[in-house]
Amino acid sequence: MVLDIRTWEQTFQNLIQEVKPWAKWTLSLDGNLQLDCVALGWKQYQQRAFGWFQCSLCRRHWASAQVHILCHLHWERWTDQGQVVMRLFGQRCQKCSWSQYEMPEFSTESTMMILNKLVQHILKRYYGEGAMQFAKMSVIPEVSLEGSHDAANCEACALGICARGLHGFISEPSVCPPSYLDTESSLPQIGDMYIPNQSMNQSAQAKKAKGTVYKGSVPRRDQKPLIVLGCTLLLIFSLIVTYFKRKQ
């Protein structure tokens, strides 16, 4: 299941510029984003939303009001440019034994609710403004959502994210740099199709990033100039000694 983020990016930018016409914010999706693993200068934000899922094996559909969304945010004050990197967590089919985590789909109303909440958070966190009056809308589930959350088939629950609740910020960056700062990888941009990576790749990427960024040692100073200088001084000294011996 794939997600075209063109509409999300454009809608997000429009909502920002309704309040901050000169601001420039971008929105990207990253399937490897991790909770409490942010880079220096970045902040963290979470929310839950209503969405739909479809099993890629049996084609079964189901709805959930507990679709977990994780965002990492960064803002440059002097240029008024910001970035949002978002991860949508999947769910597995209850009926299929070998099902994978399927990515959610959202109605237009749910999409607007998600982006409105994100913009509200940005305005409060980075611009110090209170709640803005966007067009009010309520998401009415198309199906009954009776029963508890299916934690056994929730990707966010499996990673321990749901249990920690919805915390807006963390004060210190994690030891491991996030995947969106890896210079060898690129984030999906406007019009790209988002295909989420399996969560098993997270630990491998974190180890790779940790090794490349934090393992380095202080470079050794080149010794050649010092050797040449020493030899030159010794040669000059020997010439001086030979000169005075001849004078005698």
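This briefing describes the fold, the hairpins and the aromatic contacts of one protein chain. The model is a predicted one. The chain comprises 5 helices and 6 strands, arranged along the sequence in the pattern β-α-β-β-β-β-α-α-β-α-α. Of its 248 residues, 38% count as buried.

**Overall organisation**

- Among contacts with a separation of 6 or more, 73% join residues that are 24 or more positions apart in the chain.
- The exposed area of the chain is about 15,400 Å², and carbon and sulfur atoms contribute 56% of that area.

**Helix α1**

- Helix α1 covers residues 6–19, which is 14 residues.
- At 1.5 Å a residue the expected span of α1 is 20 Å, and the end C-alpha atoms lie 21 Å apart, so the two values agree.
- The buried residues of α1 are Trp 8, Glu 9, Thr 11, Phe 12, Gln 13, Leu 15 and Ile 16.
- As general background, an α-helix has 3.6 residues a turn, so residues three or four places apart point the same way.

**Strands β3, β4 and β5**

- Strand β3 (residues 43–54) pairs with strand β4 (residues 61–76) in the antiparallel sense, over 11 bridges.
- Within this pairing, Tyr 45 is placed opposite Cys 71 of β4.
- The hairpin of β3 and β4 has 6 residues between the strands, and Arg 59 in the turn adopts a positive phi of about 70 degrees.
- Strand β4 also pairs with strand β5 (residues 81–88), again in the antiparallel sense, over 8 bridges.
- Here Ile 69 is placed opposite Leu 88 of β5.
- The hairpin of β4 and β5 has 4 residues between the strands, with Asp 80 at a positive phi near 55 degrees.

**Aromatic contacts**

- The count of aromatic pairs, with ring centres within 6.5 Å, comes to 6.
- In one of these, the ring centres of Trp 25 and Tyr 126 are 5.7 Å apart and the planes meet at 50 degrees, so the pair is tilted.
- Trp 25 belongs to strand β2 (residues 24–29) and Tyr 126 to helix α2 (residues 108–127), so the pair ties together parts that are 101 residues apart in sequence.
- Both Trp 25 and Tyr 126 are buried.
- Ring pairs join Trp 25, Trp 75, Tyr 126 and Tyr 127 into a cluster.
- Tyr 126 has a further partner in Arg 125, whose charged end sits over the Tyr 126 ring at 5.4 Å from its centre.

Definitions and conventions. Residues numbered from 1 in each chain as written. Predicted model: local features only at pLDDT ≥ 70, side-chain atom pairs only at ≥ 80, totals over all residues. Heavy atoms only, no water. Helix = DSSP H or I, 4+ residues; strand = E, 2+ residues; numbered from the N terminus. Buried < 20%, exposed > 50% of the residue type's maximum accessible area, 1.4 Å probe, protein only. Contact = heavy atoms within 4.5 Å. Areas by Shrake-Rupley, 256 points an atom, 1.4 Å probe, with all protein chains shown as cover. Expected span 1.5 Å × (residues − 1). Phe/Tyr/Trp six-rings, centres within 6.5 Å; stacked < 30°, edge-to-face > 60°. Lys NZ or Arg CZ within 6 Å of the ring centre and 35° of its normal. Pairing = 2+ DSSP bridges.
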